[in-house]
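Trainee: I am new to this structure and would love a close look at one part of it. Could you walk me through a sheet and its surroundings?

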Amino acid sequence: MNWMNIADQDEKHFLKMVIEYNEKASRQYRMLSTPFYNRDWMEEVLNRYHLLTQLESYTFLGGYEYAERQVLAFGYEETYMECPIRALKITVKTGIGKPLSHRDFLGALLGLGIKRETIGDIIPTDFGAYVIVQEEMSDFIGTYLTGIGRYQKITVEEITFEEMQIESPKTKAVTGTVPSLRVDAIFALAFGVSRSEVVKLLEQERGKVNGMSVRGSQLMKVGDTGTLRGYGKMRLSAINGYTKKERMHLTIEKFI
């Protein structure tokens, strides 16, 4: 690995950690896991530097099937090793019957002085939220989290992943044609905004593909996931063919 060619410090730090943990887990016969990262971002970085095929025994863990934030564990054997992440069920009595937001829960957790990288997905519910955390943070949060915003009547309990009741993400199909697989063209179709507006948002780093900031001129491929802050999330599902004017007909899954 030529580290001088990697300009992004987050990518460099992640790759060095992966190489170190992979080697140590194999040599010392123990489990090691990374902090939480966006799963798509991890796979994109590992594939970009052709590292996935070099890893010996690794597992992505996020607590449930559709988890966006996950840890990458090395040497983990589910049958006899303790899982490095936990699920918390936070129940909040607001008295108004209105669910709190992701931001409310994240703010309360970060207010305890813990790092974002120790927290996985936060799934708001009608009773409060499910929160996935690193194993060593579970007891700490259970002890010191006494309120969410102005609401102080809360309970925090550790539950199994099987006890979480999480619905599959809902999507709707968006179809249409684009002149190319450029990010700005696909985002414009997916989110119903002009390409010029998409470009402005991307310049403000409000858009990502597979967890990484992108330019409008970059290309997407089938299976890629994109987000545009303020507009939502999408996945490029299929290229269905070409029109007579050589435009591509696409099917996009838009998360709702």
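Trainee: How many bridges join strand 5 to strand 8?

Mentor: Happy to help! This is a predicted model, where local features need pLDDT of at least 70 and side-chain atom pairs count only at pLDDT 80 or more, while totals for chains, interfaces and linings use all residues. Residues are numbered from 1 along each chain as its sequence is written, and side-chain values use heavy atoms, with hydrogens and water left out.

Strand 5 (residues 85–92) and strand 8 run antiparallel, joined by six bridges; strands are DSSP runs of E with at least two residues, helices are runs of H or I with at least four, and both are numbered from the N terminus. Along this pair, I90 stands opposite V156 of strand 8.

Both strands belong to an open, antiparallel sheet of four strands in the order 6-7-5-8, where pairing takes at least two DSSP bridges between two strands. Strand 6 and strand 8 (154–159) are at the edges with a single partner strand each, so one side of each has no neighbour in the sheet. On average, neighbouring strands are turned by 20° against each other, direction ignored. Helix 3 (residues 102–110) packs on this sheet and touches strand 5, strand 6 and strand 7, with contact meaning heavy atoms within 4.5 Å. The direction of helix 3 makes about 140° with that of strand 6; axes are lines fitted to C-alpha atoms, for helices over the stretch in contact, and angles run from 0 to 180 degrees between N-to-C directions.

Finally, look at the loop between strand 6 (119–124) and strand 7 (128–134), where T125 is found. Setting aside residues up to four places away in sequence, T125 touches P99 and Y130.
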